[in-house]
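Let's take a walk through this one together, a piece at a time. Have the viewer open and follow along.

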2 protein chains.
Amino acid sequence: MANEKVTSIEVAKKAGVSQSAVSRVFTPGASVSPKMAEKVLKAAEELGYRPNVLARSLITGRSRIIGLVVAYLDNQFYPDALEKLSNALQAHGYHILVFMVSNDDDGIDKVMGELLDYQVDGIITASVAMSNALTSRCAAAGVPVVLFNRGQDDVRLNQVTSDNFEGGRKIAAFLAAGGHKKIAHIAGWSGSSTGRDREAGFRAGLREVGLELSVCIDGMYKRDIAAQAARDIFSAKDRPDAVFVGNDHMAFAVMDVLRFELKLDVPGDVSVVGYDDVPLAAWPAYDLTTLRQPSNRMVEATVSTLLGWIEEGSQDVQKIKIDGPLMIRGSARLPEGWPDERL
Amino acid sequence: MANEKVTSIEVAKKAGVSQSAVSRVFTPGASVSPKMAEKVLKAAEELGYRPNVLARSLITGRSRIIGLVVAYLDNQFYPDALEKLSNALQAHGYHILVFMVSNDDDGIDKVMGELLDYQVDGIITASVAMSNALTSRCAAAGVPVVLFNRGQDDVRLNQVTSDNFEGGRKIAAFLAAGGHKKIAHIAGWSGSSTGRDREAGFRAGLREVGLELSVCIDGMYKRDIAAQAARDIFSAKDRPDAVFVGNDHMAFAVMDVLRFELKLDVPGDVSVVGYDDVPLAAWPAYDLTTLRQPSNRMVEATVSTLLGWIEEGSQDVQKIKIDGPLMIRGSARLPEGWPDERL
DNA sequence: ATTTATCGTGCATACGTATGCAAATTGAAA
DNA sequence: TTTCAATTTGCATACGTATGCACGATAAAT
């Protein structure tokens with residue numbers, strides 16, 4: 001296992017030029033003559049030389065590494081986003097360094113420290129909140145942060161979300177139009193802006209049509225908690241006839257409980273609506289009506305915001321909300337007169 | 001956005017000691033007196049100093065970065081593995097740099113080049129094959145490689161898989177015991193060792209009990225291709241009464257087609273068995289009988305192999321096969337006398 | 001008190017690259 | 001041919017850290 005690293009100096013020697021010449025050949029935009037470039041590239045090719053990104057970063061101050069902090073990967077929304085983020089950044093010559101963190105403990109601070117040790121050029125947090133102290137540290141280190149799919153009041157923090165309030169409202173309107181009278185909500189984690197906004201929008205939407213929430217339980221974005229909530233809510237005789245679940249991941253658990261434990265028909269007995277539109281929601285086994293978070297556009301906005309900060313320097317802080325459509329499928333009763341535009 | 005990096009020199013100045021002293025305080029196992037450590041740590045604390053991992057790597061030759069090359073993240077098996085790998089490596093002070101790659105084109109070579117540019121200490125490939133040239137380059141660079149969930153003949157490559165051949169055999173025995181006579185296989189991609197081994201084991205298992213495969217189509221590990229295969233196979237009047245699908249991800253698509261397009265009962269009309277045991281397989285909507293790939297143990301083996309190479313230097317090449325149990329659930333007919341140990 | 005061993009510290013250098021500056025080369029214009 | 005500008009090249013240094021070496025301090029042993 002010969003550990004033979006080829007350096008620019010060896011290439012220079014072989015090509016009979018200076019080390020700086022080699023460096024310039026591999027630095028886009030530097031001034032080099034064609035024949036010099038040819039000589040160097042030939043030597044580099046023969047020796048198998050490639051510039052050391054880490055050494056380069058020491059000089060340039062850019063590592064071309066983006067730190068991604070993420071809590072869950074079992075909710076399909078996040079691997080999907082990770083894949084898209086990674087592809088988008090890869091196209092710009094950046095790569096993602098992954099940091100898993102549990103949302104409940106305060107390991108976030110520790111992990112963030114490690115993150116900064118790697119001199120990342122930027123940070124994306126997916127479904128993770130930032131403490132004030134952390135935000136300050138990142139600001140002091142000059143590392144831009146974008147919150148993906150989570151909002152926070154701090155004026156220093158960029159964020160990209162769907163329009164969660166409006167999304168909740170749309171769902172309320174849809175369920176009301178469907179003639180549902182007794183409506184439940186198994187909410188997203190109340191410790192998250194997404195969870196709170198969806199709930200607030202949903203309540204507002206119901207209020208607009210003279211309805212109010214019959215029962216509301218915090219599902220914490222966890223399958224088992226949501227499942228238990230479903231049992232609690234729908235075991236009663238005078239159970240609700242509709243439920244909006246704070247994200248698809250929980251909605252699947254809720255549908256499983258309704259259909260296989262409580263032997264209820266969806267949507268005959270209960271209409272179920274989720275939030276996210278993960279790929280699984282479109283599979284016939286669930287065929288879940290849900291509000292789509294346009295992950296493509298969210299990723300796009302995240303990447304362009306982050307690269308803007310990194311490559312152009314200080315920018316305006318972005319608080320981007322992207323509107324998403326309600327994907328009407330088979331898990332909720334279709335209101336009279338609504339076009340059946342099932343997808 | 002003040003870009004103020006604190007260096008060991010500034011800490012040294014503040015603490016009234018040399019830069020080397022600061023370095024030693026932050027280098028585990030170095031020789032420092034308690035009072036020196038105290039002074040330095042105090043100064044570091046006040047300035048918010050943290051060692052620059054990249055600069056350190058230039059000296060030590062270790063980046064504490066592991067490159068992960070992965071093709072799919074829509075098959076739940078991989079995000080699950082990614083999460084576990086990341087957690088395990090994080091516990092050892094390593095982190096994962098993600099590289100997405102499509103399996104069909106030859107972007108793998110390009111991506112691998114970028115990978116090595118980052119001076120990664122090791123590489124894990126998940127469901128991705130290595131070309132000979134690549135293997136040589138990694139060997140030359142002294143970077144150990146572990147193939148996760150894929151095998152390859154090259155004697156230089158470590159690999160961790162489940163016992164795919166034996167797994168295929170177990171499934172054959174199970175379906176045969178269930179009295180199935182006409183058995184189909186929608187195989188994993190024939191370009192992958194996992195796909196080939198599972199199919200070979202399955203065929204061998206059938207042969208042992210005097211059966212043979214009725215029909216076999218390569219599903220390429222893709223949902224849509226598997227779905228089309230299911231349509232082709234099960235539309236006929238004399239359709240098979242059982243199918244082994246090369247992984248769970250495809251098996252879900254197959255079940256969807258069987259139940260919702262062809263209106264067949266599973267397992268009444270057709271028994272379906274998958275491979276992987278991703279979390280979704282246990283959800284009641286699918287309740288899929290499947291051969292479990294013990295991802296915990298596979299991750300453990302992967303990490304310890306990799307760290308062995310990195311921290312102890314050259315080792316024996318490991319070709320690890322981990323045996324997994326058949327998870328008996330509701331998607332396949334239960335043979336008489338078999339304990340119903342549904343999980 | 002003297003010798004010897006042990007430990008802690010500072011000095012200097014190295015890791016692999018990028019870049020300001022000045023020298024050298026090229027080419028065009030006169 | 002000469003002059004001048006434009007371009008290309010090499011030299012030297014810097015990035016932030018780790019570590020071999022030699023020296024000084026301290027403790028232990030005689």
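We'll start with the DNA strands and then turn to how the helices pack.

One thing to keep in mind as you look around: this is a predicted model. Start with DNA strand C, which has 26 residues around it. If you want to zoom in on the ones that come nearest, pick Ser8(A), Ser23(A) and Arg56(A) from chain A, plus Arg24(B) and Ser33(B) from chain B. What part of the strand is the protein up against? Of the strand C atoms within 4 Å of the protein, 58% belong to sugar or phosphate, and the rest to bases.

Some individual atom pairs give you a feel for that split. On the backbone side, Ser23(A) has a polar side-chain atom 2.5 Å from a phosphate oxygen of DNA strand C. Over on chain B, Ser18(B) also puts a polar side-chain atom by a phosphate oxygen of that strand, at 3.0 Å. For a base contact, go to Arg24(B): an N or O atom in its side chain sits 2.8 Å from a base oxygen of DNA strand C. Which elements give two or more residues to this surface? They are α2 (19–25) and α4 (53–60) of chain A, along with α2 (19–25) and α4 (53–60) of chain B. Sorted by class, the surface near strand C holds 10 nonpolar, 12 polar and four charged residues.

Now swing over to DNA strand D. Here there are 26 residues around the strand, and Arg24(A), Ser33(A), Ser8(B), Ser23(B) and Arg56(B) come nearest. Sugar and phosphate make up 57% of the strand D atoms that come within 4 Å of the protein.

The atom pairs are worth a click here too. A polar side-chain atom of Ser33(A) is 2.6 Å from a phosphate oxygen of DNA strand D. Asn52(B) reaches a phosphate oxygen of that strand with a backbone N or O atom, at 3.0 Å. Gln19(B), on the other hand, goes for a base: a polar atom of its side chain lies 3.0 Å from a base nitrogen of DNA strand D. The elements giving two or more residues to the surface near strand D are α2 and α4 of chain A and α2 and α4 of chain B. That surface counts 10 nonpolar, 12 polar and four charged residues.

So much for the DNA; next come the helices. In chain A, helix α1 (residues 8–15) packs on helix α3 (residues 34–47) at an angle of about 120°, with the axes 9 Å apart. That angle makes α1(A) oblique to α3(A), and the crossing is right-handed. Who meets whom? From α1(A) you get Glu10(A), Val11(A), Lys14(A) and Ala15(A), and they meet α3(A) residues Lys39(A), Val40(A), Ala43(A), Ala44(A), Glu46(A) and Leu47(A). By class, this contact has six nonpolar, no polar and four charged residues.

Hop across to chain B for its α1 and α3. The axes of α1 (residues 8–15) and α3 (residues 34–47) of chain B come within 9 Å and cross at roughly 120°, so α1(B) and α3(B) are oblique to each other. α1(B) passes α3(B) in a right-handed crossing. On the α1(B) side, look for Glu10(B), Val11(B), Lys14(B) and Ala15(B); on the α3(B) side, their partners include Val40(B), Ala43(B) and Leu47(B). The contact of α1(B) with α3(B) divides into six nonpolar, no polar and four charged residues.

Technical notes. Residues numbered from 1 in each chain as written. Chains lettered and ligands numbered in written order. Predicted model: local features only at pLDDT ≥ 70, side-chain atom pairs only at ≥ 80, totals over all residues. Heavy atoms only, no water. Near = heavy atom within 4 Å. Polar contact = N/O pair within 3.5 Å; in protein donor to acceptor, adjacent residues only side chain to side chain. Helix = DSSP H or I, 4+ residues; strand = E, 2+ residues; numbered from the N terminus. Nonpolar A, V, L, I, M, F, W, Y, C, P; charged D, E, K, R; others polar. Axes fitted to C-alpha atoms, helices over the stretch in contact; angles between N-to-C directions. Parallel < 35°, antiparallel > 145°, perpendicular 65-115°, else oblique. Left-handed = near helix turned anticlockwise from the far one by under 90°. Contact = heavy atoms within 4.5 Å.
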